[in-house]
Each structure stands twice: as structure tokens, then as C-alpha cells.
Amino acid sequence: MTINFILGACWASFFNLVIQRHLRNESILLPTSHCDSCHHRLAWYDLIPIVSFLILHGRCRYCHAQINTLILQTELLLGVGFALIIPHITSDSQILILILFAYLAIWDCHTQTIPSWPLGVWLGLCLLILPWQLNYLKLLPIYLLVTSLNHLSSFIGSGDIDILFLIWLTSGPLFTIWVLFLACVLALIYLLLVPRLYFNHRIAFVPFLFCGYALTTNFTAQLLTFTIP
């Protein structure tokens, strides 16, 4: 579990780099990692996920500018998520889906938007790995109905709906319901802890879906057999 946590934190660090540089129209290779405030080149010991942030108290070693706490939050998110999910992975396609989902979660954290290409890759994987069944066609009218209703009321992001239906394709309806339920519970807890966000800002929901996915994956045996006495 420790190795999986470290792996998740490392992926988060890499995704943060890729996304931040993409948003600034910079190469992910050059320039080398540097402070956004003083532009001092960072040493390897400044780039250790989670550890460096904590040791430096969230500030640049060289100019003492504050480091965005989102970096720490996303590294913890993926660290815990990978620790919960990876022990239950049984195929290479599931690993790729996990990486795509993680990328979407961090992208949403940074921009509150969702890029379309990871969703397309995820859908392509579903079409390749799942045995084709006519039952899957039943999802299409449901998807179109939910998307249309959401277009009128905007009760959830359209990308969130896409992700939920992709989870439905790969893991089934009951699994998806638990993912959504747990995501909503975690989001409500977050809003209670940071109440000003409820009135002033939208929140990125994909990270909560990722948390719900991780918890549902880890506790599948208990959740999918849960019954009310």
C-alpha cells in the first residue's frame, strides 16, 4: 500500500507539471522545474511529492513565496486513491483507466473543466475490452435524457455526467450509484468545512468522483452486497 501511495503521489506531481505548463503554453521538458515566482531552478530534493512541501512549509526554498496548496492536495488525493484502487486491479486496461481518471481529476482541480480526449480514450477502451452487448444500447437514451435535463438546469457538470456513464460502462450501475453517492457525501462535507465556497464558488467535482471511485473499489464486497435490514 505504501508503494502504491508513493506511485500515486508521483503521478500527481507529474500531472500537475503537465497541466500547469499546458495552461501556460510551455514545454513539459524545458525549462527545467523552477519556482514560478523567482524562477530559480529547483533541485531534486525540492521536488519530492508531499515531503518537500511539508519540509519547506509550503514555501519556495529560495524566495519563500507560497506554493499553491493545490499541489499538496492533489498529491495526497492520488496517493490515497492509488493505495485503495491498485490492489484490486486485475488488467492493464484498468490501470490505464485509473491513470485517465486521475488526470481528469487533477485537470478539474486546476481549471474546473474537463478535456475531451481522455474521455474519448476511456470510451475507446470500453468498446475494445467489453464484450459487446445489446444492453449497452439502453444506456444511450438514458445518457441523452440526463444530458438534456442537465443542459436545462445545470445541476452537475456535463463532463461529470460523461465520467459517470463511463464508470457505468466499465463497472455497472450499482457501482456507479455508490460512486456518485460517496462523491456527494464527500463534497457536502467539504462544503461544510469551507462554507464560503458554497455561496461564492463552484467546486471541482471530478476529484470527489475519484474519491468515491476509490472507496467503492476498495469496499466493493461490502457496498455491492449492502442491504437495508
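R24, E26 and D36 are linked in a network of salt bridges, and this small group is a good place to enter the structure, which is a predicted model.

## Salt bridges

A search of the whole structure finds 3 salt bridges. The table sets out each pair with the separation of its closest nitrogen and oxygen atoms.

| Pair | N to O distance |
|---|---|
| R24 and E26 | 3.5 Å |
| R24 and D36 | 3.6 Å |
| R61 and D46 | 2.6 Å |

Side chains of opposite charge can pair when their charged atoms come close. In the network, R24 pairs with E26 and also with D36. Both D36 and R24 lie in the loop between helix 1, which covers residues 2-23, and helix 2, which covers residues 51-55, so their salt bridge ties together parts that are 12 residues apart in sequence. The members of the network can also be described by how much of their surface is left accessible: R24 is partly exposed, with a relative accessible area of 35%, while E26 is partly exposed at 30% and D36 is partly exposed at 46%.

The salt bridge between D46 and R61 involves another loop as well. D46 lies in the loop between helix 1 and helix 2, and R61 lies in the loop between helix 2 and helix 3 (69-85), so this pair ties together parts that are 15 residues apart in sequence. Here the two partners fall into separate classes of accessibility, for D46 counts as buried at 11%, whereas R61 counts as partly exposed at 35%.

## Cysteines without a disulfide

A disulfide is a covalent bond between the sulfur atoms of two cysteines. The count in this structure comes to 0 disulfides. Why does C63 not form such a bond? The cysteine sulfur closest to that of C63 belongs to C38, and the two atoms are 3.7 Å apart, which is too far for a bond, given that a disulfide needs the sulfur atoms to be within 2.5 Å. C63 counts as partly exposed, at 31% relative accessibility, and another cysteine, C184, also counts as partly exposed, at 34%.

## The fold and its core

The secondary structure of the chain comes to 11 helices and 0 strands. Of the 229 residues in the chain, buried residues make up 39%. When contacts between residues at least 6 apart in sequence are considered, 62% of them join residues at least 24 apart. The chain exposes about 13,500 Å² of surface, and carbon and sulfur atoms supply 69% of that area.

The largest nonpolar core has 45 residues, and those with the most contacts inside it are L78, F101, W122, I163 and F210. Several helices give two or more residues to this core, among them helix 1, helix 3, helix 5 (116-129), helix 7 (158-171) and helix 10 (206-218). The largest share, 11 residues, comes from helix 4. To see what surrounds one of these core residues, consider I163: leaving aside neighbours within four places in sequence, I163 is in contact with F101, L104, I114, L119, W122, V206 and L209.

## Two buried residues in helices

W107 is found in helix 4 and counts as buried, at 9% relative accessibility. Which residues does W107 contact, leaving aside its neighbours within four places in sequence? The residues in contact with W107 are I19, H22, Q112, T113, I114 and P115. W107 and P207 are 100 residues apart along the chain, and yet their C-alpha atoms are separated by 9.3 Å.

T176 lies in helix 8, which covers residues 173-193, and T176 is buried, with a relative accessible area of 7%. Not counting residues up to four places away in sequence, T176 touches L164, I167 and W168.

## Confidence in the model

The chain averages a pLDDT of 86, and 89% of the residues score at least 70. Confidence is not even along the chain: it is lowest in helix 9 (residues 196-200), where the mean is 53, and highest in helix 10, where the mean is 96.

Key:
Residues are numbered from 1 along each chain as its sequence is written. This is a predicted model: local features need pLDDT of at least 70, side-chain atom pairs count only at pLDDT 80 or more; totals for chains, interfaces and linings use all residues. Side-chain values use heavy atoms; hydrogens and water are left out. A salt bridge is a side-chain nitrogen of Lys or Arg within 4 Å of a carboxyl oxygen of Asp or Glu. Buried means under 20% relative accessible area, exposed over 50%, partly exposed in between (1.4 Å probe, protein chains only). Helices (H or I, at least four residues) and strands (E, at least two) are DSSP runs, numbered from the N terminus. Contact means heavy atoms within 4.5 Å. Accessible areas come from the Shrake-Rupley method with a 1.4 Å probe; for residues, only the protein chains shown count as cover. A nonpolar core is a set of buried Ala, Val, Leu, Ile, Met, Phe, Trp, Tyr and Cys residues joined through side-chain atoms within 4.5 Å. pLDDT is the predictor's confidence in each residue, from 0 to 100.
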